[in-house]
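Here are a few exercises to work through with the structure in view. Try each task yourself, then check the steps.

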Amino acid sequence: MNDLNTSLLVNCLILCNGIQYKDTMIIFVGLIQKCMKHVAVIGAGTMGNGIAHVFAQFGHQVNIIDISQPALDKAIATISKNLDRQVSKGALTEAEKEATLANLTTHTDMKSGVEGVSLVVEAATENVNLKLKIFKELDALTDPSVILATNTSSISITQIASVTGRPDKVIGMHFMNPVPVMKLVEIIRGYSTSDEVTNTIMDMSKKLNKVPVEVNDYPGFVANRILMPMINEAIYTLYEGVAGVAEIDTVMKLGMAHPMGPLQLADFIGLDVCLAILRVLHDGFGNPKYAPCPLLVNMVMAGKKGVKSGEGFYTWTHGTKELIVAENFNK
Ligand SMILES: NC(=O)c1ccc[n+]([C@@H]2O[C@H](COP(=O)([O-])OP(=O)(O)OC[C@H]3O[C@@H](n4cnc5c(N)ncnc54)[C@H](O)[C@@H]3O)[C@@H](O)[C@H]2O)c1
């Protein structure tokens with residue numbers, strides 16, 4: 001618990017002096033629960049806005065932190081639009097939507113953004129040096145009791161934990177995209193993550209109405225170790241001219257009963273994110289089978305990152321409902 005919360009507790013106990021012991025304990029426990037309900041989410045992109053949405057919907061006060069004010073504005077607009085969709089489907093009431101939005105605040109300054117929180121979930125860009133820098137900063141800015149979680153898709157939790165003075169309190173909390181819809185949270189234990197912290201995060205994930213699965217810290221964990229080689233192979237299949245974009249995705253959708261094809265999924269995840277994960281697998285295992293396809297590397301260098309940039313294997317400038325193969329693959 002940080003200094004602010006400790007002093008709140010002390011004040012609370014002083015105020016409670018003279019009240020029944022039972023009442024004191026109720027106030028005490030309530031205050032601890034309130035403290036546990038304040039979280040910070042770092043990064044307001046594809047994943048950060050979804051993570052903030054879910055925490056806020058389940059009653060947590062959420063500070064969203066990003067270096068970019070436009071990214072923060074876009075995140076609030078996206079959350080609002082997604083909440084409207086939940087209301088129109090009858091999954092939420094208008095009052096619950098308003099309460100969710102009221103739980104959100106945005107910050108461009110890390111120091112004010114992490115003040116008073118008991119959990120930080122980092123969902124900034126997938127880049128190892130950036131994550132190490134952020135965790136060093138978090139370690140300096142937050143009370144040692146604060147749990148530091150990362151939504152990284154592939155970067156070692158143990159490496160991230162090693163730059164902090166609290167490796168037992170660093171853990172992977174890998175949500176899936178789109179966060180408000182997908183049930184799974186892959187909970188990754190670093191080499192030193194404690195049982196207590198793992199249990200706290202497993203319980204918290206269940207309270208967010210998710211299904212947490214505990215895994216160990218090796219490159220790509222479970223989800224991306226299996227998914228990314230499939231996406232990479234689909235890109236190689238396209239690169240080698242075996243079939244076109246629509247044909248590859250149709251084979252996998254109708255033949256394997258996947259809800260969407262691997263190339264469409266890559267566009268949704270972000271081609272830069274897919275490339276970064278493949279590089280982690282390639283470096284981590286030293287096995288050439290994980291080498292990213294040159295076509296994927298070229299597309300990322302050309303700024304074609306999928307849905308977030310408006311073009312990848314498909315064009316997305318018209319929205320995400322209709323599948324239109326990108327002009328480059330339609331010649
Ligand atoms: N996209 C997916 O489907 C997916 C799924 C699971 C996990 N992830 C992981 O989630 C994380 C975020 O991915 P994303 O797809 O949301 O990326 P994104 O590119 O959509 O968003 C990243 C955000 O981080 C912000 N950022 C960069 N540096 C920052 C800093 N120093 N402080 C605060 N904010 C900063 C950027 O401004 C941007 O808004 C990555 O680690 C990624 O591997 C992504």
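## Exercise 1: Helices H10 and H12

Helix H10 (residues 223-239) and helix H12 (residues 262-269) cross at roughly 115 degrees, and their axes come within 9 Å. Keep in mind that this is a predicted model.

Task: work out which residues of H10 and H12 make the contact, and how they divide by class.

Solution.
- Step 1. Start with the hand of the crossing: for H10 and H12 it's left-handed.
- Step 2. Pick out the residues. H10 brings Met230, Ile231, Ala234 and Leu238, while H12 brings Pro262, Leu263, Leu265 and Ala266.
- Step 3. Sort them by class. The contact of H10 with H12 has 8 nonpolar residues, with no polar and no charged ones.

## Exercise 2: H10 again, now with H14

Task: decide how H10 is oriented relative to H14: roughly perpendicular or roughly parallel?

Solution.
- Step 1. Get the angle. The axes of H10 and H14 cross at roughly 95 degrees and come within 8 Å.
- Step 2. Angles of 65 to 115 degrees count as roughly perpendicular, so H10 is roughly perpendicular to H14.
- Step 3. Find the contact. Ile235, Leu238 and Tyr239 of H10 meet Pro294, Leu295 and Leu296 of H14.
- Step 4. Sort by class: this contact of H10 with H14 has 6 nonpolar residues, no polar and no charged ones.

## Exercise 3: H13 against H14

Task: describe how helix H13 (residues 271-285) packs with helix H14 (residues 294-301).

Solution.
- Step 1. Two numbers are needed here, because a pair of packed helices is described by the angle between the axes and the distance between them.
- Step 2. For H13 and H14, the angle is about 130 degrees and the axes are 9 Å apart. That makes H13 oblique to H14.
- Step 3. As for the hand, H13 passes H14 in a left-handed crossing.
- Step 4. On the H13 side the residues are Leu271, Asp272, Cys274 and Leu275; on the H14 side they're Leu296, Val297, Met299 and Val300.
- Step 5. By class, the contact of H13 with H14 counts 7 nonpolar, no polar and 1 charged residues. Asp counts as charged, so the charged residue is Asp272 of H13.

## Exercise 4: The sheet

Task: find which strands stand at the edges of the sheet.

Solution.
- Step 1. Lay out the order. The open sheet has 8 strands, in the order E3-E2-E1-E4-E5-E6-E7-E8, and the pairing is mixed.
- Step 2. Look at the ends. Strand E3 (104-107) and strand E8 (211-216) each have a single partner strand, so one side of each is left without a neighbour in the sheet.
- Step 3. Add the twist, which averages 25 degrees from one strand to the next.
- Step 4. Zoom in on E8. Strand E7 (residues 184-189) runs parallel to E8, and 6 bridges join the two. Ile187, for example, has Glu214 in E8 as its bridge partner.
- Step 5. Now go to E3. Helix H4 (residues 69-88) lies across strand E2 (61-65) and E3, and runs at about 165 degrees to E3.

## Exercise 5: Two loops

Task: say where Pro178 and Asn209 lie, and what stands out in the backbone there.

Solution.
- Step 1. Pro178 is in the loop between strand E6 (170-175) and E7. A cis peptide bond joins Asn177 to Pro178, with omega about -5 degrees.
- Step 2. Asn209 sits in the loop between helix H9 (195-207) and E8. Although Asn209 isn't a glycine, its phi is positive, about 65 degrees.

## Exercise 6: Confidence

Task: find where pLDDT is below 50.

Solution.
- Step 1. Take the whole protein chain: the mean pLDDT is 91, and 89% of the residues reach 70 or more.
- Step 2. Residues 1-19 have pLDDT below 50, and beyond near neighbours in sequence this stretch has 21 contacts in the model.
- Step 3. Residues 25-34 also stay under 50, with 6 contacts beyond four places in sequence.

Technical notes
Residues are numbered from 1 along each chain as its sequence is written. This is a predicted model: local features need pLDDT of at least 70, side-chain atom pairs count only at pLDDT 80 or more; totals for chains, interfaces and linings use all residues. Two strands pair if DSSP finds at least two bridges between them. Helices (H or I, at least four residues) and strands (E, at least two) are DSSP runs, numbered from the N terminus. Axes are lines fitted to C-alpha atoms, for helices over the stretch in contact, and angles run from 0 to 180 degrees between N-to-C directions. Two residues are in contact if their C-beta atoms, placed from the backbone, lie within 7 Å. Angles under 35 degrees count as roughly parallel, over 145 as roughly antiparallel, 65 to 115 as roughly perpendicular and the rest as oblique. A crossing is left-handed if the near helix is turned anticlockwise from the far one by less than a right angle, and right-handed if clockwise. pLDDT is the predictor's confidence in each residue, from 0 to 100.
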